[in-house]
Amino acid sequence: MIGLTLRQILAVFRLELGKTFLARRGLWVYLLAFAPLLLYAGRAAYVPAERARLAEMARKRPVSGLTLWTIRPGLSADEVLGRLGEAPMRRAWTRRAEDGRRVEHMVWAYTDGRATYSFRFRDGVLTEVNRHEPDSIWTASLVFATLFQTYFLRLAVFFGCAGIFMNLFRGEMLDKSLHFYLLTPVRRPVLLAGKYLAGLAATTLIFTASTALQFMAMLWPFDGAAVRSFMAGYGWSHLAAYLGVTALACLGYGSVFLAAGLLVRSPIIPAAAVLLWESANLFVPEALKKISLIFYLQSLCPVVARQDSDLPVAIRLLIAAATPATKTAAIAGILGFTAIVLVLAGWRARRLEINYGTD
């Protein structure tokens, strides 16, 4: 009995896997998955150009990196000018303070040929020093983490799973072809298992391949020695973590959208509701964060995505901080949630009836 069930699951899996990869209406999933590669290609062109620009600026107005490191907040603009000379790039503006007086702001930028140093002044006093190095692998890894957590998980994987898993049942209802499956001597939960595994294999392959290619594209602008050092340090563990998080995202979101395709006649509504909840995760209290998939997925990411410093203060105050879940708790939470949703979907599949006139 078990052997027959496994053979039936495998037969459904093979058939559905081919249909999933070859479906014309699923081509947009590939665009979603591999769109970030265009950004990394642009960065690969930007980094050499930025290096050349900084080298040219340093040649025209040389400043040693050691001198730049000695500049600390609290110095006056005249003191900075005396140590570094005229800044190659300067910007100034005035802004009205809360007490009504006008405050002068300035930003001066210098370079030692390797990095850009931005000095922010308020009323002639240095308040902030920022260093930006265009060819730092650590900076690139922060960019990767931010793009992965804000776009790839929340949008690309989310909508990719929605498009593939919802169509496993709902798509065949709309095409009026699901009854061919239901006329075969295959139990409904077996059919559901085969379809879910096919969707999981397709999405996992597509999105993990994209993740790996993005990681490689991130490292493309750097020389071989720097890349080998990075990979030997924590690069391989970071790549494995990102691939695992991608696979778990497909596992969890896939179960949600498979169940939505079975339970709801118009799955767009639950998809919008899930998207809204996952997007609002930043702003809800810590206790509520733990009932969303994105919380556990982000807890497994090896690098914390940086927060945009240009966000309005009011929005930053609304962002609720939370302690990330442990790896064991995060993985167990995702697997447990997926199991519950699939059991619910299996229960619904047992009672599935086809009436093309109403669908």
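The following exchange examines the packing of a predicted model.

Student: Which helix gives the most residues to the largest nonpolar core?

Tutor: This core holds 66 residues, of which Phe-165, Phe-207, Phe-215, Tyr-253 and Phe-257 touch the most other members. The elements giving two or more residues to this core are helices H2 (27-34), H6 (137-174), H8 (188-219), H9 (224-263), H12 (293-300) and H14 (327-350). With 19 residues, the helix that gives the most is H6.

Student: How many residues make up the other core, the one that includes Val-80 and Phe-119?

Tutor: This core lies apart from the largest one. Its members include Leu-84 and Ala-115 as well as Val-80 and Phe-119. The number of residues in it is 16.

Student: Among the contacts of Tyr-253 beyond four places in sequence, which residue is a glutamate?

Tutor: Tyr-253 is one of the residues that touch the most other members of the largest core. Beyond four places in sequence, Tyr-253 touches Leu-153, Val-157, Phe-158, Cys-161, Leu-293, Ile-294 and Leu-297. The list also holds a glutamate, namely Glu-278.

Student: Is Ser-255 in helix H9 buried or exposed?

Tutor: Ser-255 lies in helix H9 and touches Tyr-196, Phe-337, Thr-338, Val-341 and Leu-342, with residues up to four places away not counted. The cut-off for a buried residue is under 20% relative accessible area. Because its relative accessibility is 0%, Ser-255 counts as buried.

Student: What is the C-alpha distance between Val-341 and Val-256?

Tutor: Val-341 belongs to helix H14, and since its relative accessibility is 12%, Val-341 counts as buried. Outside its neighbours within four places in sequence, Val-341 is in contact with Ser-255, Val-256 and Ala-259. Val-341 and Val-256 are 85 residues apart in sequence, while their C-alpha atoms are separated by 6.5 Å.

Student: How far apart in space are Ala-345 and Leu-262, C-alpha to C-alpha?

Tutor: Ala-345 is also placed in helix H14 and, at 0% relative accessibility, counts as buried. Its contacts beyond four places in sequence are Leu-192, Ala-259 and Leu-262. Ala-345 and Leu-262 are 83 residues apart along the sequence, yet the C-alpha distance is 6.9 Å.

Student: What is the relative accessible area of His-238?

Tutor: His-238 is found in helix H9. With residues up to four places away set aside, His-238 touches Phe-215, Pro-302 and Val-303. His-238 is buried, and its relative accessible area is 10%.

Student: Why is H3 described as roughly parallel to H8?

Tutor: Helix H3 (residues 36-60) and H8 pack with their axes 9 Å apart. Pro-36, Leu-37 and Tyr-40 of H3 meet Leu-213, Gln-214, Ala-217 and Met-218 of H8, a contact with six nonpolar, one polar and no charged residues. Angles under 35 degrees count as roughly parallel. H3 is therefore roughly parallel to H8, the angle between them being about 10°.

Student: Which residue in E4 is the bridge partner of Arg-120?

Tutor: Strand E3 (residues 116-122) pairs with strand E4 (residues 125-132) over seven bridges, in the antiparallel sense. The two strands form a hairpin with two residues between them, and Asp-123 in the turn has a positive phi of about 55°. In E4, the bridge partner of Arg-120 is Glu-128.

Definitions and conventions: Residues are numbered from 1 along each chain as its sequence is written. This is a predicted model: local features need pLDDT of at least 70, side-chain atom pairs count only at pLDDT 80 or more; totals for chains, interfaces and linings use all residues. Side-chain values use heavy atoms; hydrogens and water are left out. A nonpolar core is a set of buried Ala, Val, Leu, Ile, Met, Phe, Trp, Tyr and Cys residues joined through side-chain atoms within 4.5 Å. Buried means under 20% relative accessible area, exposed over 50%, partly exposed in between (1.4 Å probe, protein chains only). Helices (H or I, at least four residues) and strands (E, at least two) are DSSP runs, numbered from the N terminus. Contact means heavy atoms within 4.5 Å. Two strands pair if DSSP finds at least two bridges between them. Axes are lines fitted to C-alpha atoms, for helices over the stretch in contact, and angles run from 0 to 180 degrees between N-to-C directions. Angles under 35 degrees count as roughly parallel, over 145 as roughly antiparallel, 65 to 115 as roughly perpendicular and the rest as oblique. Ala, Val, Leu, Ile, Met, Phe, Trp, Tyr, Cys and Pro count as nonpolar, Asp, Glu, Lys and Arg as charged, and the others, Gly among them, as polar.
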